Amino acid sequence: MQHYFTNKTNFYGNTTPQELIKEYGSPLYVYNENILRQRCKDMVNFIPYKNYRVNYSTKANANLELLKIIREEGLDADAMSPGEIHVLLSAGFLPEQIFYIGNNVSAEEMMFAYNKGITVSIDSLSQLKKFGQHNPGGKVAVRINPGLGVGHHEKVITGGKHTKFGINSDLVPEIKKLLKAYELKLVGINQHIGSLFMNGEQYFKSIKEILKLAEEFEDLNFIDMGGGFGIPYKKQDGEEPLNLKVLGEKIGDLLNKWASLNNPNIRFISEPGRYIVAECGVLLGTIHAKKKNNGICYTGTDIGFNVLARPMFYGAWHDIEIYPLNGGVVPLAMETVTVVGNICESGDIIAANRQLPLHKEGDIIGITDAGAYGYSMSSNYNNRLRPAEVLIQSDGSHRLIRRRDTLDDLLRNFTGNCLSC
Ligand code: LLP
């Protein structure tokens, strides 16, 4: 049961967590190519509609080698910053495969994307005006707020009344005025109502809303329905995956009907980030200390919140696996511990009061479903080094796909002299 997911998927291919840590050091992000490819296929086949495309949401994981695989699987991509555009182009995506969804960006950023031939989405009236002033007669997309949201935490709900994102549907007349004033061609509308739903009801409702709104505009090339598809983080407790088949067919019906009535050639886009990469990643670390403070047993590891921020940011749950130091069998006996990292804040907790198999210093710990918003949210806080990333390839072999930071990386951007170099 303990290694339920990694055993079932032969996650580590021809190697073991212990060997990987020995070769590449700790902590270490490990990705499985087969799982990544499967998740891409799931999404490409999600909606039965002839002109359906998937934009991978780069923010979830922007490793160049993973992006290349995602592109090979036939996905396009969304970008949230010039940096993401740069990395996507470096991974071989063509400008027409990239959708830049700006939020409070400068005119320079809009034009950085636009001048490369990338479609730009604008998410406020003032930004639409700015775009028009810099680019009269241009093509543009607009992000709307369909009035409802979803998400695993209030911080990641991006539709509805309490969010900075999108233009409300009652402002359509204002949008039209600006389009006219600057002779802009509206090529698409997009939305994203939030991150992580396990039942598609709200997503489906939001699509109905965006379709209603789309009828206000003529000749749209595309409607982007957004991402947010959840994955089961509590696999050890038997949590079931999202039922993509049922949801996809239901959405497919809706889209086919709408298209035949309104715009038979329109492209519909989904924009998943987490779903594509979360389950293909495990974060390995090492247990360096065990202690008891005031009745709480702490298991101290090298996985601080600079390496995996989600538990600290959102109180997010990740299943944990234990791999004994010398590769022996995982003990059946359990202990309840609070798993913490090595950062100088008391909130540096990966899992509080978690029941885990008995473990000791030197054992390896695996944080599962860490492929999305793991490395991409990591930092050098406390001047710690961001970990390396390794890919378990389809044939079971492994390869380094990003090296660990070095101490010199920490000095890279300083302008003065280094007194010890
Ligand atoms: N499209 C837009 C415009 C987005 O802002 C996002 C995510 C996505 C698509 C992809 O959403 P997904 O399919 O991954 O749910 N750091 C948080 C998640 C933040 C999501 C931000 N926007 C976490 O670790 O849970």
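These are my notebook entries on the ligand site and the two domains of a predicted model.

**Ground rules.** I number residues from 1 along each chain as its sequence is written, and side-chain values use heavy atoms, with hydrogens and water left out. Because the model is predicted, local features need pLDDT of at least 70 and side-chain atom pairs count only at pLDDT 80 or more, while totals for chains, interfaces and linings use all residues.

**Domains.** I looked up the domain assignment, which is automatic or from a database. It gives domain 1 (4-13 + 19-25 + 279-404) and domain 2 (33-278). Their C-alpha centres lie 32 Å apart. I then checked contacts (heavy atoms within 4.5 Å). Here 30 residues of domain 1 touch 26 residues of domain 2.

**Ligand shell.** I listed the residues around the ligand, those with a heavy atom within 4 Å of it. There are 20, and His152, Ser195, Glu271, Arg310 and Tyr373 come nearest. Domain 1 and domain 2 each supply at least three residues of the shell. I sorted the shell by class (Ala, Val, Leu, Ile, Met, Phe, Trp, Tyr, Cys and Pro nonpolar; Asp, Glu, Lys and Arg charged; the others, Gly among them, polar). The count is 7 nonpolar, 7 polar and 6 charged residues.

**Polar contacts.** I looked for N or O pairs within 3.5 Å. A polar side-chain atom of Arg310 is 2.6 Å from a ligand oxygen. For His152, a polar side-chain atom lies 2.7 Å from an oxygen atom of the ligand. Gly273 uses a polar backbone atom, 2.9 Å from a ligand oxygen. I also noted the cover: on its own the ligand has 580 Å² of accessible area (Shrake-Rupley method, 1.4 Å probe), and the protein covers 93% of that.

How values were computed
Polar contact = N/O pair within 3.5 Å; in protein donor to acceptor, adjacent residues only side chain to side chain.
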